[in-house]
Amino acid sequence: MSIAWSPETREWHLHNGRTSWVLGVLPNGWIGLYHAGAPLAVGPSYAHLGPRDFSGFDNRVGEPVALALPVPGLGDFRVPALVVEAADGSQVVEPKYVAHRVLAGKPALPGLLPATYAEDDTEADTLEIDLADEPTGLEVTLAFTIFRDRPIVARSMRLHNGGAASVVIRTAMSASLDLPDDDWNLVTFSGAWARERFPADRPLVPGRQGVGSLRGGSGNEHNPSLVLRRPATTEAVGECWGLVLAWSGNFLAEAEVGHFGTTRVRIGLHPEQFAWPLEPGASFATPEALLAWSGDGLSALSDALHALLGRRMARGPWRDRPRPILLNNWEGTYFAFDHDRIVAMARAARDVGTELFVLDDGWFGVRDSDDRSLGDWVVDRRKLPHGLGGLAREVQALGLRFGLWIEPEMVNPDSDLFRAHPEWAIGVPGRRRTESRQQLVLDFANPAVVDHIAAAIGDVIASAPIDYIKWDWNRFITEPFSPTLPPERQGEFFYRYTLGMYDLYQRLTTRFPDILFESCASGGARFDAGILAWAPQAWTSDDTDAVERLRIQWGTSFAYPVSSMGAHVSAVPNHQTGRVAPLDFRAAVAMFGAFGYELDPTSMGEADLAAVRRQVAFYRERRELFQYGRFTRLRSPFEGDGNETAWMVSSADASRAVVAHYRVLQRPWPHRDRLVVRGLGPDARYAVTCWTSFDGPMPTVERGGDELMRVGLGIEPPDPMPAGRDAGADGHRFVRGDFSFRLFDLRRVS
Ligand code: DGJ
């Protein structure tokens with residue numbers, strides 16, 4: 001058991017040698033957080049790290065109290081984790097310790113809340129602390145799960161109204177973390193459509209700072225995750241925290257520095273536009289938050305999150321399977337395709353070695369542009385006279401898998417579904433409904449809508465041998481309202497919408513367990529830990545420009561594993577930026593993801609097709625390493641002038657690795673440069689082969705792990721130096737040209 005309870009000191013110690021959390025019952029019955037973070041020895045009391053002489057409210061008079069469940073109105077003026085309005089309208093509740101349980105394993109969260117899991121009871125231990133507020137009868141259960149081999153604690157909260165009168169939940173955060181000082185930088189992952197999850201890194205300042213979403217989805221703009229790092233922490237050394245919320249709806253992730261220089265971090269459902277009436281006897285549960293700690297820098301923090309999210313949030317047969325190399329027709333055809341064109345593309349896709357053909361938007365209704373037919377999930381026989389079944393079988397006969405795009409939560413006003421059920425589109429009666437991309441969002445807070453779409457989409461999937469589904473979501477929610485909820489329950493709308501969406505995922509993944517689902521929302525607007533419970537991979541961004549992707553994939557990698565990041569090579573000039581980067585450079589970036597192509601292979605010349613064949617072969621040979629290896633960030637595209645990026649993947653046993661170095665623009669007469677890599681065996685010898693294009697490698701050399709990790713890999717000049725080193729700009733030579741890369745293949749030889 002990795003949870004110790006001391007009845008004498010009334011302390012719990014969650015420990016696994018990698019992290020420690022020490023909580024205690026304070027004299028007034030509140031739950032104090034004495035320590036969280038670095039691993040501590042089990043046995044001693046750590047109560048001295050908590051408040052001294054605690055007798056109620058100390059915050060005002062000198063000692064900031066670190067609490068597991070801060071509430072408002074009792075003197076702690078920092079942001080609360082729980083706000084409940086009693087029947088009399090007051091917002092003062094005081095949940096006090098009642099009991100606790102230590103459970104082997106990890107109980108599932110109620111209903112459809114996505115959560116990490118333990119495959120057997122030895123993988124995790126869970127502490128549940130029951131609290132109660134006597135006047136209202138409100139009962140609170142705080143859950144803390146510590147995983148056996150991971151520096152991560154999962155947190156969530158359940159509320160139950162054990163009183164006689166209704167209360168209203170106004171704020172219910174999944175986790176609140178009090179840290180004893182403010183010497184941290186806050187990193188959030190922010191951006192916009194086509195430039196998602198750029199790390200925004202700033203020192204904490206007094207007051208509140210953070211990010212959130214009120215869009216009805218996690219969004220392109222901010223990710224439901226954050227990192228705190230010590231100012232001196234780097235990728236390789238130093239202390240840091242990573243907080244990730246397993247939720248795909250509105251969220252808040254913020255830090256507050258109090259007037260004593262303490263830091264409170266909270267993450268959970270966004271309290272704005274949220275209110276949840278709790279009748280006597282009713283219960284409510286928050287989503288799960290994951291709190292990871294590292295004393296060894298940011299890459300180690302990410303590594304822990306990758307392993308947990310990739311293997312214990314993701315589930316189903318595709319969790320561990322090699323993900324197929326796909327070719328998607330979207331940027332190749334947009335809406336202009338028919339059966340023959342798709343089959344021709346699929347044949348060309350097969351010929352270059354890709355494994356899965358994905359038919360994107362435009363196959364249903366009368367969908368020749370984005371202004372109609374969403375909601376009418378009937379195949380368009382004008383384009384596909386043999387139906388989806390006919391097409392899928394023909395594609396599969398080529399030796400490919402067949403995948404299909406859907407956008408089940410949406411409806412165009414110009415659709416039969418909308419004409420039959422205008423009340424199913426989200427909107428406030430009597431008010432204009434804001435359209436975005438000429439579409440409206442279906443009211444997934446209404447179970448009848450989910451039933452209808454589950455049947456309609458289920459029929460489509462059942463009608464053809466489909467191997468993969470790309471689930472899109474191309475606008476955010478406006479005029480939030482569901483006619484199925486009474487006025488006093490409209491504050492439940494966003495939560496219920498998200499659960500309705502999860503419900504559809506649950507039904508479809510249960511009915512079609514072998515299908516690989518990929519989440520997509522205008523690219524990366526629903527790239528969060530919650531969705532991984534059904535879709536083990538997500539379309540990282542609509543931006544397929546390789547230079548932009550360096551930054552997008554770098555930022556995404558803080559929380560999310562490579563196996564979850566859809567990354568494709570697309571045509572040039574790039575459709576999002578107009579940039580023309582070489583084909584091999586585009587591939588060398590996309591390989592650090594669930595790899596694929598997003599172009600029309602029938603329009604490519606023989607030389608490019610041959611290059612793609614080589615790329616596919618290169619990736620296939622290293623697929624496990626790319627998708628499931630340990631990902632380590634080495635050189636940030638957000639540092640300096642952003643011209644260089646480096647990262648690597650390595651196998652768990654350090655026998656293999658691929659190290660990538662990218663340079664966007666070449667500068668003349670470059671400085672000497674070595675790239676210090678990580679995660680190898682210091683005593684091992686490695687065969688090092690450098691690829692600067694997929695045409696073929698440079699001669700293999702042998703280097704020691706110690707040299708590679710302490711002195712570095714030769715980048716400039718390259719190791720080994722090619723013959724005729726100063727001549728030419730073909731990427732093999734000293735003069736690299738723009739958009740160059742070096743992929744170093746490392747294999748342990750002794
Ligand atoms: C947005 C997605 O991100 C694209 O990949 C594509 O599927 C379009 N939607 C289709 O409408």
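Biologist: In which hand, left-handed or right-handed, does α3 pass α4?
Modeller: This is a predicted model, and the two helices concerned are α3, residues 339-351, and α4, residues 387-397. The crossing in which α3 passes α4 is right-handed.

Biologist: How are α3 and α4 oriented to each other?
Modeller: Two packed helices are described by the angle between their axes and the distance between the axes. For α3 and α4 the axes lie 10 Å apart, and the packing angle is about 20°. An angle under 35 degrees counts as roughly parallel. The orientation of α3 and α4 is therefore roughly parallel.

Biologist: How many nonpolar residues does the contact of α3 with α4 have?
Modeller: From α3 come His-339, Ile-342, Val-343 and Ala-346, and they meet Gly-390, Leu-391, Glu-394 and Val-395 of α4. By class, 1 residue of this contact is charged and 2 are polar, and the number of nonpolar residues is 5.

Biologist: Which orientation do α6 and α7 have to each other?
Modeller: Helix α6 spans residues 447-462 and helix α7 residues 493-511; their axes are 10 Å apart, at an angle of about 30°. Their crossing is right-handed. With the limit for this class set at under 35 degrees, the orientation of α6 and α7 is therefore roughly parallel.

Biologist: How many charged residues are in the contact of α6 with α7?
Modeller: On the α6 side the contact includes Asp-451 and Asp-459, and on the α7 side it includes Asp-503, Arg-507 and Arg-511. Among the other residues that meet are Val-450 and Ile-453 of α6 and Leu-504 of α7. The contact has 8 nonpolar and 2 polar residues, and the number of charged residues is 5.

Biologist: What is the hand of the crossing of α8 and α9?
Modeller: The axes of α8 (residues 546-556) and α9 (residues 583-590) come within 9 Å and cross at roughly 10°. The two helices are therefore roughly parallel to each other. Their crossing is left-handed.

Biologist: Which residues of α9 make the contact with α8?
Modeller: By class, the residues of this contact are 5 nonpolar, 1 polar and 2 charged. Helix α8 contributes Ala-546, Val-547, Arg-549, Leu-550 and Gln-553, while the residues from α9 are Phe-585, Arg-586 and Val-589.

Biologist: How much area do domain 1 and domain 2 bury between them?
Modeller: The domain assignment gives domain 1 as 3-312, domain 2 as 319-626 and domain 3 as 631-749. The centres of domain 1 and domain 2 are separated by 34 Å, and 50 residues of domain 1 are in contact with 49 residues of domain 2. The size of an interface is often given as the accessible area lost when the parts come together. Between domain 1 and domain 2, with 59% of it on carbon and sulfur atoms, the buried area is about 4,000 Å².

Biologist: Which proline follows Val-572 through a cis peptide bond, and which follows Glu-716?
Modeller: Most residues other than glycine have a negative phi, and most peptide bonds are trans. The bond after Val-572 is cis with omega near -10°, and its proline is in the loop between β29 (565-570) and α9. The bond after Glu-716 is cis with omega about -5°, and its proline is in the loop between β37 (713-716) and β38 (740-748). The two residues are, respectively, Pro-573 and Pro-717.

Biologist: What value is phi of Ala-194 near?
Modeller: Ala-194 lies in the loop between β11 (185-192) and β12 (195-203). Its phi is positive, in a residue other than glycine, and is near 75°.

Note on methods: Residues numbered from 1 in each chain as written. Predicted model: local features only at pLDDT ≥ 70, side-chain atom pairs only at ≥ 80, totals over all residues. Heavy atoms only, no water. Axes fitted to C-alpha atoms, helices over the stretch in contact; angles between N-to-C directions. Helix = DSSP H or I, 4+ residues; strand = E, 2+ residues; numbered from the N terminus. Parallel < 35°, antiparallel > 145°, perpendicular 65-115°, else oblique. Left-handed = near helix turned anticlockwise from the far one by under 90°. Contact = heavy atoms within 4.5 Å. Nonpolar A, V, L, I, M, F, W, Y, C, P; charged D, E, K, R; others polar. Domains from an automatic or database assignment. Buried area = accessible area lost by both parts, 1.4 Å probe.
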